[in-house]
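Student: I have a structure open and would like to work through it with you. Could we go question by question?

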Amino acid sequence: MNPVRYDPSTHFTVTATDVEYVRHGDISLLARVYQPKGPGPFPMIIDIHGGGWKLYDRLRQAAIAEEMAAHGIVWASIDMRLNGRAPYPAAAQDINYAVRWFKAHARDFKGSAEHFGIFGVSSGGHQVIMAALRPNHPDYSAVPLPGALNVDAKVRYVIASGAGVDLIESLRAGDQFKLEQYMGGEAGIKANSPQHVIESDEVIDTPPMLIVQAGAEKLVGFTTDKVLHFARTYLERRKGNVEVAMFPDAPHIFINRGLVSESEAMLRALPVIKHFIARQLDYLAKPFGTP
């Protein structure tokens, strides 16, 4: 594998372009692609926005996208079919398809399909964890990619902030996100709850994972105790590499420039994310045991 690295100390001019990555009938789904100006090839990331599985669009995390792309990464923030527009797993199918589509079109953006990660915040954090665990799940990969049927949705790493990891706890606390209807009852929620999936016997992928955790998180199923339990299960049961970076007193949303006020937690968390990416790519360039 040719070395492709990410250096947070570098700076590139970034251009932003909207592209249609998939169409479902009269529904056109766009991605805002933030592309550093340079020869490449650059690593690539798919970005999944939050919003309780039902709100917002690809521009929700634009400030993060621009900042990350400026250090030399092709960053694609996607729209998807949300709750109210299509039932689950439509959004999971769109995410899976987007990973495959951008891998297949990596050269068009001076990107590298071999150096591909996924990033999400809040409900997007839940969805990127599930996408990373289940790149080949038949429900998620149900939409074929014309001309590239051999391209898979596997990712090299996953980064989640404010992620719901125990959706059954969220359901029992009042189901404020209306997941019971969206995911098809308690059985559907359990089948798409990260904690319950990694506790099951399902065959899954286990890419390296970074969870950026708000110390003052109050959403049930998203709290620090649930995240630490998830991380321990991922480590011990699934033998997955996982890091949890915790930031005291930080609220649910705290890394999104432009959405919340700048804070010490934000200024500490963003470099953690950048250097996690850099370390994953450095390891890919020289895996353990390589001379």
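Student: Is Ile 168 buried or exposed?

Tutor: Happy to start there, keeping in mind that this is a predicted model. Ile 168 sits in helix H4, which covers residues 167-172. The cut-off for burial is under 20% relative accessible area. Because Ile 168 has a relative accessibility of 3%, the verdict is buried.

Student: Which residues is Ile 168 in contact with, once neighbours within four places in sequence are left aside?

Tutor: Sequence separation and distance in space need to be kept apart here: Asp 152 is 16 residues from Ile 168 in sequence, and their C-alpha atoms are 29 Å apart. With neighbours within four places set aside, the contacts of Ile 168 are Glu 186, Ile 189, Lys 190, Ser 193 and His 196.

Student: How far apart in space are Ile 273 and Ile 64, C-alpha to C-alpha?

Tutor: Ile 273 belongs to helix H9, residues 264-285, and Ile 64 is one of the buried residues of H1. Ile 273 is itself buried, at 1% relative accessible area, and its contacts beyond four places in sequence include Met 68, Phe 119 and Leu 210. Although 209 residues separate Ile 273 from Ile 64 in sequence, the C-alpha distance is 11 Å.

Student: Why is helix H1 described as largely enclosed by the rest of the structure?

Tutor: Look at its residues one by one: Ala 62, Ile 64, Ala 65, Glu 67, Met 68 and Ala 69 are buried. The cover over them includes strands E1, E2, E4 and E5 as well as helix H9. H1 is largely enclosed because the buried residues number six of the eight.

Student: Which side chains make polar contacts with the side chain of Arg 81?

Tutor: Arg 81 lies in the loop between strand E4 (74-78) and helix H2 (90-104), and it is buried, with a relative accessible area of 11%. Beyond four places in sequence, its contacts include Ile 27, Asp 94 and Tyr 182. The side-chain polar contacts are at 3.4 Å and 3.5 Å, and the partners are His 24 and Gln 93.

Student: Where are the cis peptide bonds?

Tutor: One precedes Pro 41, in the loop between E2 and strand E3, with omega near -5°. Another precedes Pro 89, in the loop between E4 and H2, with omega near 15°. The bonds therefore run from Gly 40 to Pro 41 and from Tyr 88 to Pro 89.

Student: What is phi of Asp 249 near?

Tutor: A useful companion is Lys 239, in the loop between helix H8 and strand E8, which has a positive phi near 60° and is exposed at 64% relative accessibility. Asp 249 is in the loop between E8 and H9 and is exposed too, at 70%. Asp 249 is a residue other than glycine with a positive phi, near 65°.

Student: Which radius of gyration does the protein have?

Tutor: The protein has nine helices and eight strands. The globule rule gives 19 Å for 291 residues, and the value for this protein is close to that, so it is as compact as a globular protein of that length. Buried residues account for 56% of the 291. The radius of gyration is 18 Å.

Methods: Residues are numbered from 1 along each chain as its sequence is written. This is a predicted model: local features need pLDDT of at least 70, side-chain atom pairs count only at pLDDT 80 or more; totals for chains, interfaces and linings use all residues. Side-chain values use heavy atoms; hydrogens and water are left out. Helices (H or I, at least four residues) and strands (E, at least two) are DSSP runs, numbered from the N terminus. Buried means under 20% relative accessible area, exposed over 50%, partly exposed in between (1.4 Å probe, protein chains only). A polar contact is a pair of N or O atoms within 3.5 Å; within protein, one must be able to donate a hydrogen and the other to accept it, and residues adjacent in sequence count only if both atoms are side-chain atoms. Contact means heavy atoms within 4.5 Å. The radius of gyration is taken over C-alpha atoms; the globule rule is 2.2 Å times the number of residues to the power 0.38.
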